[in-house]
Amino acid sequence: MAQTIFVEAINQAIYEEMARDENVFIMGEDIRRSVYGATANLLDDFGGKRVLDTPLSENGFFGAAIGASLVGMRPIVETLTSFMWVGMDQLISQAAKMRYMFGGQATLPVVYRATMFYGAGSAAHHSDRSYPMFMNMPGIKIVVPSNPSDMKGLLKAAVRDDDPTIVFEDGTLFGMRGEIPDNSELPDGELVVPFGQANIVREGTDVTIVGIGGSVNHAATAADQLAAEGISVEVIDPRTLVPFDKQTVLDSVEKTGRLVVADPAHKVCSAASEIASIVAEEGFWSLQAPIQKIASEQVHIPYTPSLEKHVYPDVEKITAGVRRTLDA
Amino acid sequence: MEIERETLLLMLKRMWMIRNFELKVMEVHAAGEFTGAAHPYIGEEAVAVGACAALDDTDYIAGNHRSHGHPIAKGGRVDKAMAELYGRVDGYCKGKGGSMHLADYSIGILGESGILGSSVPVAVGAALAAHIKGEKFVSLAFFGDGASNQGALHESMNLASVWKLPMIFLCENNQYAVTTSYADTVAVEHVSDRASAYNMPGILVDGQDAIAMYEATQAAVERARKGEGPTLIEGLTYRYEEHSLGLGRVRRGEYREQSEIDEWRKRDPLLILETALISQGLATREECDAINAETVEEVEMATEFARNSPFPEPEDLFDDMWAQPIPLP
């Protein structure tokens, strides 16, 4: 086991996949000089043809990644969530729809790594947490890792997956430290985390919290604090939203009877909304209290810290949500 | 440039195939045999056929909503194309794509896009793969005068040029985006003039002349295979029919005169190619007519094939969503 920070985990995953398969390449803006830290050492070791700095042309290079994937490559695109709007037509009209529209002829093993830099005074144009919008569109797999080990293992799985995948990297976690097993310690010699398998972060019996991305850690902190009061909280990290492991959530709610969902995305039609609706539809008779959705306020992200700090789910809001389920 | 007689006759056959396919589509669509949009390629046959004759099966194309001509030009099957328009299981896309989304991955047809300009970056990606892997295939994107105003096209031309990709941008300038003349929407005199902004050759070609289209594309393919980068070709052509079947209520006089259509029909691409073949002694009138008749027959058989193919069953609804099925939400 080695202590590794989140952004290094991204780098390890890319490096290992590029070394494993010569069809893997990466492109994006300013990646050769690793501006965000995730693409260090790649240019030196894999050369310029596989590590491409792009023009500011998201519609162009998002699409070029699709085309390359159709003919046998496994592209990784580095971008920020907020730049995805510029390339949206390629993601929706092409990446999501091609396989189905062409009757299964098209195979698109393309990965978009979209970083969500929120919570750092970046204002409305650089703070998007947009994964729920893509959940609404069939055809794209959606990954939201919450710790370095999952980040590495899920990104490696994404590169190997034959469907288009967006890995939403929570920028608030970039400096997070966590243990990643050395490859030599692993039975398969490498860390690959399969899609569609939720992680039970803490086991508990009184309340279930499902957290998304950075909210998983807030949920775990809330669980630790509530444990001191004798409240036993189970924390679940779905890890992938498409496919979504609903059984683990339903089983947990069956045990606890109470559900809080913590989601950094905007509250309306959020991942939390979908998870709440699944439990309301399929787990209703397990519930002993109304479901609590702790998601971002339905407002744009303000620049000033005095306002921004009120927008997102945090330990306090999650704790309050847990108490409401117990008071009901 | 000498073009083999065999190539020229194949071009003639594919042009007649498109023409007769489209005539049949108009007939059966009017008879209500299938619903949905369909965009006839009649009048523009020389562009796709001339361009695709310069490509190999291992080269790639991508196209747009006016989508029947491109796959047929590249050697696609008319029976699977017709069955797709009928929404049947034996269609190219098992009835899930329809008229605007024909594709044949076995011969490099990456698929037609109903969002205009949107397939151009995708085609550039195939060229990027050739560049990264050091392989010799090329990629060609069809788009219209209307889509030449899309950002996707401009981003693609810039990308292909800075990376010197083996890419051909092929503008089918058929004069109108639905009812709007390109003269009212394109800021330069010719779409091909736009190449200069991206440091690539821009070639203006008579799009009614299949041989001229072939020669221009052939030169661009050679340039691409040598690693010298992309080319923009503009084929000046004309759409005889309305934008889409079912738009008949838009009267022609509202945006173009009958006299304009009549003038273009005098330069019909099939007439031009047949005249060239006969005058050069490469084919007789009878041989040309026989090729036409042969394609009429093939289109008839394709239509019967389509009519006899079953519709997909309800349980086929979720097939082809994912490479491996995932649980439904």
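What radius of gyration would a compact globule with 328 residues have, and what does chain A have? In this predicted model, chain A comes out at 20 Å, which agrees with the value near 20 Å for a compact globule of 328 residues. Stretched out along its principal axes, the C-alpha trace of chain A covers about 60 × 45 × 40 Å. As for what fills that space, the secondary structure of chain A adds up to 12 helices and 14 strands.

Chain A can also be looked at in terms of its domains. The domain assignment splits off domain 1, residues 2-185, and domain 2, residues 199-327. Measuring over C-alpha atoms is how the centres are taken, and those of domain 1 and domain 2 of chain A sit 26 Å apart. Where the two domains touch, domain 1 of chain A puts in 23 residues and domain 2 of chain A puts in 24. On the domain 1 side, the elements giving two or more residues are two helices, α6 (131-135) and α7 (148-160), plus two strands, β6 (141-143) and β7 (165-170), of chain A. Sorted by class, that side of domain 1 holds 14 nonpolar, 5 polar and 4 charged residues.

Next comes the meeting of the two chains. Chain A brings 39 residues to the contact, and chain B brings 38. On chain A's side, two or more residues apiece come from α3 (58-70), α4 (88-96) and α5 (98-101). Of the elements of chain A, α3(A) supplies the largest share of this side, with 10 residues. The mix here is 18 nonpolar, 15 polar and 6 charged residues.

Finally, chain B offers a nice pair of helices to look at. Two packed helices are described by the angle between their axes and the distance between those axes. For helix α1 (residues 5-30) and helix α9 (residues 269-279) of chain B, the angle is about 155° and the axes are 10 Å apart. Angles over 145 degrees count as roughly antiparallel, and α1(B) and α9(B) are therefore roughly antiparallel to each other. Their crossing is left-handed. So which residues in α1(B) meet α9(B)? From α1(B) come Leu8(B), Met11(B), Leu12(B), Met15(B), Trp16(B) and Arg19(B), while α9(B) answers with Pro269(B), Leu270(B), Leu273(B), Glu274(B) and Leu277(B). The residues of this helix contact divide into 9 nonpolar and 2 charged, with no polar ones.

Note on methods: Residues numbered from 1 in each chain as written. Chains lettered and ligands numbered in written order. Predicted model: local features only at pLDDT ≥ 70, side-chain atom pairs only at ≥ 80, totals over all residues. Axes fitted to C-alpha atoms, helices over the stretch in contact; angles between N-to-C directions. Helix = DSSP H or I, 4+ residues; strand = E, 2+ residues; numbered from the N terminus. Parallel < 35°, antiparallel > 145°, perpendicular 65-115°, else oblique. Left-handed = near helix turned anticlockwise from the far one by under 90°. Contact = placed C-beta atoms within 7 Å. Nonpolar A, V, L, I, M, F, W, Y, C, P; charged D, E, K, R; others polar. Domains from an automatic or database assignment. Rg over C-alpha atoms; globule rule 2.2 N^0.38 Å.
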